[in-house]
Each structure stands twice: as C-alpha cells, then as structure tokens.
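Dear colleague,

Please find below the structure that I am handing over to you. A summary of what was found in it follows, written so that you can check each point against the structure.

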Amino acid sequence: MRVVAWLFRAVLFLVALGFALSNTGITELRFFGLEIVWRAPLVVFLLAFLVAGAALGLLGVVPSLFRQRREIGRLRREIRIAAKTAANNAPPPPPPDVPRQPAGSEPPVPLGM
C-alpha cells in the first residue's frame, strides 16, 4: 500500500511540475476596481494563494484547539482529584500473611483439642 501511495504522490508531483513548466508566461492579476496590477507567472499566483488558504485554514482551527486543550487539562485535574478521593475512602487491605475468613464463618478449630 505504501508503494501505491508513493506512486500516486510521484504522479501528482509530475503533473504539477508539467503544469508549472507549461505555464511560464507572465500573467496579470488585477484587483477589483483598483489600479494595482501584479505581473508574474501563473504558478507563482497559484502557490501564493495555496499558502494563503492553508494559513487561513490553520487560523480557523486555532480557537477550537485551545478550547480542547483547556478541556483536556480540566478533565485531567478531575481524574486526579477523583483518584485521590477514592484512595482516601478505600478500606485498608488486609495484611498479606493473615488468611481471609468468609463472612459469618467460624475460625478453624485446631486438631488435638
């Protein structure tokens, strides 16, 4: 499966490279009603807008990322407090060398008495 993924990536790269090499002519980018005109190859514009879109997408994720981190910290504190409370309220375990007797049963009678 990894080989197929790498082959797909290589084909995609070659297609993008072919697109870039076949569109080397100068393109004009005009802004809405303004006198500003940028002149550059089409690939430069596509790359710039790709980077700008990725940056805006990441900026859109930042608030929810911080909100999730705050929630995870709060939940970890709650777990820590609950574990301490449970450890303090639990009865102490019996000593390891004393056998446990079932509730309501009498202790064994020693032989020879």
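**Salt bridges and a surface patch**

Arg39 counts as exposed, because its relative accessibility is 58% and the cut-off for exposed is over 50%. Please bear in mind that this is a predicted model.

Arg39 is a useful place to begin, since its side chain meets that of Glu28 in a salt bridge, with 3.1 Å from N to O. Glu28 belongs to strand E1 (residues 26-30) and Arg39 to strand E2 (residues 37-41), so this pair ties together parts that are eleven residues apart in sequence.

Glu28 has a further partner. It also forms a salt bridge with Arg30, and here the closest N and O atoms are 2.5 Å apart. Glu28, Arg30 and Arg39 are thus linked in a network of salt bridges. As for accessibility, Glu28 is partly exposed, with a relative accessible area of 36%, whereas Arg30 counts as exposed at 59%.

The structure holds four salt bridges, and another of them is found in a helix. The side chains of Arg74 and Glu78 meet in a salt bridge of 2.4 Å, N to O. Both residues lie in helix H2 (residues 42-89), where they are four residues apart, about one turn of the helix. Arg74 counts as partly exposed at 34% relative accessibility, and Glu78 is likewise partly exposed, with a relative accessible area of 42%. Both values fall between the limits of 20% and 50%, which is why the two residues are called partly exposed.

The last point concerns nonpolar side chains. Phe13, Leu14, Leu17 and Leu21 make a nonpolar surface patch of about 430 Å². One of these residues, Leu14, is found in helix H1 (residues 2-22). Leu14 is exposed, because its relative accessible area is 55%.

When you open the structure, I suggest the following order of viewing:

- strands E1 and E2, with the pair Glu28 and Arg39;
- the network of Glu28, Arg30 and Arg39;
- helix H2, with Arg74 and Glu78;
- the nonpolar patch of Phe13, Leu14, Leu17 and Leu21.

With kind regards

Methods:
Residues numbered from 1 in each chain as written. Predicted model: local features only at pLDDT ≥ 70, side-chain atom pairs only at ≥ 80, totals over all residues. Heavy atoms only, no water. Patch = residues over 30% accessible without salt bridge, like charges linked within 9 Å, V, L, I, M, F, W, Y side chains within 5 Å. Areas by Shrake-Rupley, 256 points an atom, 1.4 Å probe, with all protein chains shown as cover. Helix = DSSP H or I, 4+ residues; strand = E, 2+ residues; numbered from the N terminus. Buried < 20%, exposed > 50% of the residue type's maximum accessible area, 1.4 Å probe, protein only.
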